Structures are given as C-alpha cells and as structure tokens.
Amino acid sequence: GFSNTQLPVWQKEKVKAWVSYFKDHPAVFAWDISNEDGENLPNGAGNPLWPQKTSITLAQLNEAHATVREVDTSKPILVRMHYWDESPNPFAHGNWFAEGIADIVMLNIYTNYAEDSKTLNIPNAIAEDGLRHINDVRKVDADPQIWIAVAAFAEDLPGEGYFLRPSANDLSRDIKETFKLPGISGIGFLGWGPNEYNPPYWYLPRDGKDLWQVIKTEIKNYNPQK
C-alpha cells in the first residue's frame, strides 16, 4: 500500500509502546534501531530514490536513539551496517553513522554475494576489508562494541539470486577470519527463511545442517588467547 515516493517516517509513539512492552523481557538483549540504513524498507534498495531520498537519515537515527532512551536507559542500542566499498567518507546516504548513535555496531560482511548469480564477488571480504570497516567506525566513535555478522544463508534458488548458499568451507573461513579481527566483541550469523517458508527460502538448522555444524564446531573451538 505504500506509494513509490514514500519516505521513512519515524513512528515515535509506536516505538515507545513497543519498547515499554518488551523492555523487561529476559530474552531482549538490545534494541536494534536500523538495519542497513533502511534499504529493506519500502522504497529501499532498487527504488530510484534510494539512497539519497529514502534511506534512514542521520537525524532519524539520532531520534531513534533518543526515543528508546526515553523508555529504557539500560539495554544497549544497536545498528546494523552493510559492507561498503572504498570511500573517503563511508558514512553518507545509505550508510549514515555518527558518534553516540549506538552502543553496538554490527557490520554485515557477507562473502556470498554473486552479481552474476554464479561467481562470488567478495569471498575474502572479511580478511581484506573487515579491519578497514572497524577502523572507519572507530574514527567516528571509539566507544561502541563491534560485532561481525557473517553469511549462513541463500537468497534464492541456485542460479537465481545475488546471495548464494555458502559452503561449509566458506563459512568456516569467514568465522576464522572474523576471530582474527582486533577489537570485536561479538559474531552473528544471518540465516534467512522462517520455518513456515517454502522453497526457495530455507531455514538454517533444518536445511543448512552442514553450516549449523560448522558454527557449533568453530564457536566451541574458539580460543581468544591465540
């Protein structure tokens, strides 16, 4: 029902009600106020207005932080940011960030991107660019925790999507390279597809058992002293 010119609108009272309702639930660890600057919102990536007009703005990110803090002053605030190309100023339209916005910055560095749906474009992105991304964040704000989210998902059927299902070796490599990055305090795994979805979507523990085993093994074997 959204028009193709709809811009993101911060719904303060709805957010305050949501945070108030869940803030004391033991399963809530942090408040996520932005995923990749809103490129998955209506009129996000793929719309001609993206990102100059339809990305979440810096003012909205600051407003989101302030709104959450009106209700909950204890739980961390998190933003998720995507991999970005080389840029003298990485934080602009589509990737806004500033000091004081978040307590946790999760960097989504997905090595399973394939523009032609066949060949991986950035298989070594974590090793080659992870530290650069961390340093870019630290130049703006030295305080947040840094988490890395790695790919454990497939976007579509083989040959039909931009994000291919990673192999067990790919995932193992990504985890090991993440562990080598200095100054990170968390690692996450994106596995798209709720249980009720049918193919082409999939759900990690059910249809990605080999990847689930890699995750369990690598986390168990992690030794922060090495």
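This is a short guided tour of a predicted model, moving from the whole chain to a few helices and single residues.

**Stop 1: the whole chain**

Start with everything shown as a cartoon. Colour by secondary structure and you can pick out six helices and five strands. Trace the chain from its start and the elements come in the order α-β-α-β-β-α-β-α-β-α-α. The radius of gyration is 18 Å, close to the 17 Å that the globule rule gives for 226 residues, so the chain is as compact as a globular protein of that length. If you rotate the model along its principal axes, the C-alpha atoms fill a box of roughly 45 × 45 × 40 Å.

Now switch on the surface. The accessible surface of the chain is about 12,600 Å², and carbon and sulfur atoms account for 53% of that. Of the 226 residues, 42% count as buried. Contacts also reach far along the sequence: among those between residues at least 6 apart, 74% join residues at least 24 apart.

Next, colour the charges. There are 21 positive and 30 negative ones, and the mean positions of these two groups lie 6 Å apart.

**Stop 2: helix α3**

Select residues 125-140, which form helix α3. How far apart are its end C-alpha atoms? They are 22 Å apart, which agrees with the 22 Å that 16 residues should span at 1.5 Å a residue.

Show the side chains and look for the buried residues of α3: A125, I126, D129, G130, R132, H133, I134, D136 and V137. To see what covers them, add β3 (104-108), β4 (145-151) and α4 (168-180), which are included in that cover.

**Stop 3: helix α4**

Stay with α4, since you have just selected it. Its 13 residues should span 18 Å at 1.5 Å a residue, and its end C-alpha atoms are 19 Å apart, which agrees.

Which residues of α4 are buried? They are D170, L171, S172, D174, I175 and T178. The cover over them includes α3 and β4, along with β5 (186-190) and α6 (209-221). So α3 and α4 each appear in the cover of the other's buried residues.

**Stop 4: T67 in helix α2**

Move to T67, which is found in helix α2. Is T67 buried or exposed? At 2% relative accessibility, T67 counts as buried; the cut-off for buried is under 20%. Leaving out residues up to four places away in sequence, T67 touches W10, K12, V15 and K16. Select those four together with T67 to see the group.

**Stop 5: two residues in one loop**

Now find the loop between β1 (31-35) and α2 (58-71), where E39 is located. At 25% relative accessibility, E39 counts as partly exposed. Apart from neighbours within four places in sequence, E39 is in contact with G44, A45, W50 and H82. For a sense of scale, draw a line from E39 to D170: their C-alpha atoms are separated by 26 Å, with these positions 131 residues apart along the chain.

L49 also has its place in the loop between β1 and α2. With 27% relative accessibility, L49 counts as partly exposed. Its contacts, beyond neighbours within four places in sequence, are N4, T5 and T54. Finish by drawing a line from L49 to T5: these residues are 44 apart in sequence, and their C-alpha atoms are 7.5 Å apart in space.

Conventions: Residues numbered from 1 in each chain as written. Predicted model: local features only at pLDDT ≥ 70, side-chain atom pairs only at ≥ 80, totals over all residues. Heavy atoms only, no water. Helix = DSSP H or I, 4+ residues; strand = E, 2+ residues; numbered from the N terminus. Rg over C-alpha atoms; globule rule 2.2 N^0.38 Å. Buried < 20%, exposed > 50% of the residue type's maximum accessible area, 1.4 Å probe, protein only. Contact = heavy atoms within 4.5 Å. Areas by Shrake-Rupley, 256 points an atom, 1.4 Å probe, with all protein chains shown as cover. Lys, Arg positive; Asp, Glu negative; His and termini not counted. Charge placed at Lys NZ, Arg CZ, Asp CG, Glu CD. Expected span 1.5 Å × (residues − 1).
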